[in-house]
Amino acid sequence: MAQAGSWGPWGAAACWSLGLDAESRLVAGLTMVLLFSLCITQASQAHQKPPSEVVGAVHGVAYLSPSLQSKISYHEVHWRRNNTLQLASRDSSGEVWYRNNSYRGRLELFSNNTLKISCLQKNDSSVYQLYMEDETGKGLIQSILLTVYELVPKPTVNAKVIRGDPEQCEATLECSVGLEGVTYEWISHSKIQWNRLSASELHVSLSSSPDTYTCMVSNPVSSNNASLVYRHPCSWTGDSSSAASCTTTSVWVALALHLLLLLTLP
């Protein structure tokens, strides 16, 4: 509480403006009103909750379930997409209407206001709104963000050999699935350690010990993997049908020189 004789947060500005002419007082007053409105707007935005999030897989099913809890019996319930496209409605009698042809046969509205979307498509990703209205038109609104992902296929893995000789094998391991929004992880399973590295490519330098490298690709709804097996001196085989091992020209030159050296030895 402000002490006696004080003017609160705007007191100093109010006292200072008493000595100004009418035009200056008007400008000062408008400035204070704008500042106050800005504070109210920022406070309102700070209390707005982000939409709930739901993920689904292509050809799968998503359930958009409201988290709003209320004991009020709502006269009408409406589901919309992007606030404009009407999808499903239910009135006080419990009768349900499905209003959009692009979702025909794919929607089901349950008694608890959950909306089920079947046979998901990639372009179903959007923000959906649930409107619950009483008889006076007042009610609640909740937004749910639906993101639909494709199932991750088996990755394509291959090894690009940079240096291959009896002493050392250097190679770049490559992994790809041709999808966006996925994460890559390489897992090396050896007798000594279990390493995890996040990248679509991995550079390795190995000696004579055999090892297996597995590429794990995932998104929020699925994951898949493929492996490359290393054998001395520098051969790679994989469990993916498109797994391959290729050698650069410099490696062939090095192997030829190594063979020539062996032939010239006494």
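# A tour from Cys-175 outward

Select Cys-175 to begin: with a relative accessibility of 5%, Cys-175 counts as buried. Buried stands for under 20% relative accessible area, exposed for over 50%, and partly exposed for what lies in between, using a 1.4 Å probe and protein chains only.

The model is predicted, so local features need pLDDT of at least 70 and side-chain atom pairs count only at pLDDT 80 or more, while totals for chains, interfaces and linings use all residues. Residues are numbered from 1 along each chain as its sequence is written, and side-chain values use heavy atoms, with hydrogens and water left out.

**Stop 1: the disulfides**

Stay on Cys-175 and add Cys-215 to the selection. A disulfide joins the two, with 2.0 Å from S to S; the criterion for a disulfide is a pair of cysteine sulfur atoms within 2.5 Å. Cys-175 sits in strand β11 and Cys-215 in strand β15 (residues 211-219), so this pair links distant parts of the chain, 40 residues apart. Helices (H or I, at least four residues) and strands (E, at least two) are DSSP runs, numbered from the N terminus. The torsion about the S-S bond is -85°, and the link of Cys-175 and Cys-215 is left-handed. Cys-215 is buried, at a relative accessible area of 0%.

How many disulfides does the structure hold? There are two. For the other, select Cys-169 and Cys-234, which are joined with an S to S distance of 1.9 Å. This disulfide is right-handed, because the torsion about its S-S bond is about 50°. Cys-169 lies in strand β11 (residues 169-176), and Cys-234 lies in the loop between β16 (222-231) and β17 (235-238), so the pair ties together parts that are 65 residues apart in sequence. Both ends are buried: Cys-169 has a relative accessible area of 0%, and Cys-234 has 15%.

With the bonded cysteines numbered in sequence order, the pairing is 1-4, 2-3.

Now select Cys-119. Is Cys-119 buried or partly exposed? Cys-119 counts as partly exposed, because its relative accessibility is 49%.

**Stop 2: a sheet of three strands**

Select residues 62-64, which form β2, and 107-109, which form β6. These are the edge strands of an open sheet, each pairing on one side only. The order across the sheet is β2-β7-β6, with antiparallel pairing. Two strands count as paired if DSSP finds at least two bridges between them. Add β7 (residues 115-117), which runs antiparallel to β6 and is joined to β6 by three bridges. Within this pairing, Leu-107 stands opposite Ile-117 in β7. From one strand to the next the twist averages 20°, where axes are lines fitted to C-alpha atoms, for helices over the stretch in contact, and angles run from 0 to 180 degrees between N-to-C directions.

**Stop 3: Val-127**

Move to Val-127, which is in strand β8 (residues 126-133). Val-127 is partly exposed, because its relative accessibility is 24%. Setting aside neighbours within four places in sequence, Val-127 is in contact (heavy atoms within 4.5 Å) with Arg-80, Arg-81, Asn-82, Ser-143, Ile-144 and Leu-145. Add Glu-53 as well: Val-127 and Glu-53 are 74 residues apart in sequence, and their C-alpha atoms are 9.1 Å apart.

**Stop 4: the whole chain**

Clear the selection and show the full chain. Its secondary structure comes to three helices and 18 strands. Of its 266 residues, 30% count as buried. Among contacts with a separation of 6 or more, residues 24 or more positions apart account for 57%. The chain exposes about 17000 Å², and carbon and sulfur atoms supply 57% of that area. Accessible areas come from the Shrake-Rupley method with a 1.4 Å probe; for residues, only the protein chains shown count as cover.
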